[in-house]
Amino acid sequence: MLSRDLTVAQATPESGAGHRPGTPSLSIIIVTHNSAESLPGLIDSLHAYPPGCPWELIVVDNASRDRSIALLHDGIPDAVVIVSPQNRGFAAAVNTGARAARGECLLLANPDVTWCDNAIDRLKDLLGKHPRAAAVAPRLLYPDGRPQPSIRRFPTHANIWFSRRSPWGPAAAVRRSPWSYTLTDPPSPSVIEAVAATFLCVRTSAFREVGGMDEGYFLYVEDTDLCRRWHDAGWEVWSDPAVTVRHVWQSRVMPDPMLARHHRDGIRRYFRRHHPKKRLRNAAVFTALALAAGWDRLARSSPGRAGGS
């Protein structure tokens, strides 16, 4: 959770200046971790299509070992770069950036996104038109232009079996069935339940009202949890499919087993927090997650996996 007693002694600002003079109305927050391969595209987008309002760029680096920080200094010298000597996770890094932010709106942006035209301004404008909107998300696309599902329902003991990582997830998303977890984009600006924080324009007051992101999530599900807490507090989350952003996702040839572990841990935390009384149903979900973890370990240890594919 976002709190003033969070230890930030390990994070030191490299620069105290925002990217535009005066008090910014928008604070762009980017979390990096060995992101040197992706950052040039984002930096180019920011130079070519900057926000039309006063803004600042805050980058929180989670112990990168590559040239991420050097690229940021070269590409955007007056960005605020907060360097952490250890990887504390995505949620904790976002909260660190939010504490340093001065804007009335936050733009949470992954380092591997690119955009064009006035995408940022259009999201910010929609946020301003709806006083109860806590956040607005665009339509995400793969680099080749295919739609990238990012909208989802709140996890339940029924729809979690149709999540993106399950065997039935993709088909359920296409059908938009009552059982589906991941959804296709709406045809027009709409209120949704939850969305990935890949490129998310957020009302700062709403973010702080619910305590920011839950830092008990290291990676994955923290954005769904945030949307759920906004919903419970009477806020709305919107999607504007007319605004498009390209996102490089799952570009690794070999999957990182730690990513699957973080995802499973996030699901467990979500169900413990939001469905604490449904212990038997939680036990069924947690058992399935444990079996999935065992299957992953078995698959990685099999001789056929040694050389990759």
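How many disulfides does a search of the whole structure find? The search finds 0 disulfides, a disulfide being a pair of cysteine sulfur atoms within 2.5 Å.

The model is predicted: local features need pLDDT of at least 70, side-chain atom pairs count only at pLDDT 80 or more, and totals for chains, interfaces and linings use all residues. Residues are numbered from 1 along each chain as its sequence is written, and side-chain values use heavy atoms, with hydrogens and water left out.

**Cysteines**

The sulfur of Cys 105 has its closest cysteine sulfur in Cys 201, at 5.0 Å, which is too far for a bond. Cys 105 is buried, with a relative accessible area of 7%, and Cys 201 is also buried, at 0%. Here buried means under 20% relative accessible area, exposed over 50%, and partly exposed in between (1.4 Å probe, protein chains only).

**Strand β2 and its partners**

Helices (H or I, at least four residues) and strands (E, at least two) are DSSP runs, numbered from the N terminus. Strand β2 spans residues 26-32, and 7 of its 7 residues are buried. In a regular strand the side chains alternate between the two faces of the sheet. In β2 both faces are covered: Leu 26, Ile 28, Ile 30 and Thr 32 are buried on one side, and Ser 27, Ile 29 and Val 31 on the other.

Two strands pair if DSSP finds at least two bridges between them. The table lists pairings of β2 and of β8.

| Pair | Bridges | Direction | Citation |
|---|---|---|---|
| β2 and β3 (residues 55-62) | 7 bridges | parallel | β2 to β3 |
| β2 and β5 (residues 105-109) | 4 bridges | parallel | β2 to β5 |
| β8 (residues 151-152) and β11 | 2 bridges | antiparallel | β8 to β11 |

Ser 27 has Glu 56 of β3 as its bridge partner. From β2 the chain crosses through helix α1 (residues 39-48) to β3 in a right-handed β-α-β crossover; right-handed means that, with the strands pointing away from the viewer, the path from the first strand over the helix to the second runs clockwise. In β5, the bridge partner of Leu 26 is Cys 105.

**The open sheet**

An open sheet of 3 strands has the order β9-β8-β11, with antiparallel pairing. Its edge strands, β9 (182-183) and β11 (194-195), each pair on one side only. Ile 151 is bridged to Val 195 in β11.

**Ala 79**

Ala 79 lies in the loop between α2 (68-75) and β4 (80-84) and is buried, at 1% relative accessibility. Ala 79 and Leu 57 are 22 residues apart in sequence, with a C-alpha to C-alpha separation of 5.1 Å.

**Second largest cavity**

The structure holds 2 cavities of 30 Å³ or more. On a 1 Å grid over the protein atoms alone, a cavity is a set of points where a 1.4 Å probe fits but cannot get out, and lining residues have an atom within 4 Å of a point. Grid points are joined across faces, edges and corners, and a volume is the space filled by probe spheres set on the points.

The second largest cavity has about 30 Å³ of space. Its lining includes Ile 29, Ile 30, Val 31, Phe 90 and Leu 108. At least two lining residues come from each of β2, α3 (90-100) and β5, and β2 gives the most, with 3 residues. By class, the lining has 8 nonpolar, 2 polar and no charged residues; Ala, Val, Leu, Ile, Met, Phe, Trp, Tyr, Cys and Pro count as nonpolar, Asp, Glu, Lys and Arg as charged, and the others, Gly among them, as polar.

Methods:
1 Å grid on protein atoms, 1.4 Å probe; cavity = no way out; pocket = protein on both sides within 12 Å on 5 of 7 lines; lining within 4 Å.
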